[in-house]
Amino acid sequence: MQDLLKKIIEMDEEARKVEQQAKSEKIKSEEEVEQLREQIYNDYIARAKDRVEKNIAVEEARAQEYVKAYRERIDTAKRDMQTLYAENKEKWVDEIVKRALA
């Protein structure tokens with residue numbers, strides 16, 4: 001009977017050790033999962049920031065090209081208007097005066 005009781009106590013102690021080991025491994029696994037989650041999140045944020053910075057640079061370049069092209073169109077239109085004015089100012093003044101007095 002003593003041997004049986006001793007065996008039961010040993011088995012109970014062994015079960016408690018296994019249970020404690022399982023709890024420790026569970027906590028360790030949860031910590032590893034949390035660290036991995038944080039690492040994945042940080043990597044994702046870092047890649048997202050890099051993407052945003054690259055997108056900003058691309059969009060700024062596009063905007064500068066658009067502004068450059070727009071300014072060129074404006075300058076061309078301005079030169080065309082100045083050329084037309086230089087060529088036709090006398091006719092236009094005469095026509096405006098003629099219509100105003102008519």
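What radius of gyration does the protein chain have, and what would a compact globule of 102 residues have? The chain has 42 Å, against a value near 13 Å for the globule. Keep in mind that this is a predicted model.

**Whole chain.** Start with the C-alpha trace. Along its principal axes, it spans about 135 × 25 × 10 Å. Colour by secondary structure next. You will find one helix and zero strands. That helix, H1, covers residues 2-101.

**Surface.** Switch on the accessible surface. Its total is about 10200 Å². Carbon and sulfur atoms account for 56% of that area. Burial comes to 2% of the 102 residues.

**Charges.** Now select the charged side chains. There are 22 positive and 25 negative charges in the chain. The mean positions of the two sets lie 7 Å apart.

**Start of the helix.** Select Met-1, Leu-4, Leu-5, Ile-8 and Ile-9. Together they make a nonpolar surface patch with about 570 Å² of accessible area. Zoom in on Leu-5, which sits in helix H1. Is Leu-5 buried or partly exposed? Leu-5 has a relative accessible area of 47%, so it counts as partly exposed.

**Ile-40.** Move along to Ile-40, also a residue of helix H1. Its relative accessible area is 52%. The cut-off for exposed is over 50%, so Ile-40 is classed as exposed.

**A long distance.** Finish by selecting Ile-40 and Arg-99 together. How far apart are their C-alpha atoms? The separation is 78 Å, for two residues 59 apart along the chain.

Methods. Residues numbered from 1 in each chain as written. Predicted model: local features only at pLDDT ≥ 70, side-chain atom pairs only at ≥ 80, totals over all residues. Heavy atoms only, no water. Patch = residues over 30% accessible without salt bridge, like charges linked within 9 Å, V, L, I, M, F, W, Y side chains within 5 Å. Areas by Shrake-Rupley, 256 points an atom, 1.4 Å probe, with all protein chains shown as cover. Salt bridge = Lys/Arg side-chain N within 4 Å of Asp/Glu carboxyl O. Helix = DSSP H or I, 4+ residues; strand = E, 2+ residues; numbered from the N terminus. Buried < 20%, exposed > 50% of the residue type's maximum accessible area, 1.4 Å probe, protein only. Rg over C-alpha atoms; globule rule 2.2 N^0.38 Å. Lys, Arg positive; Asp, Glu negative; His and termini not counted. Charge placed at Lys NZ, Arg CZ, Asp CG, Glu CD.
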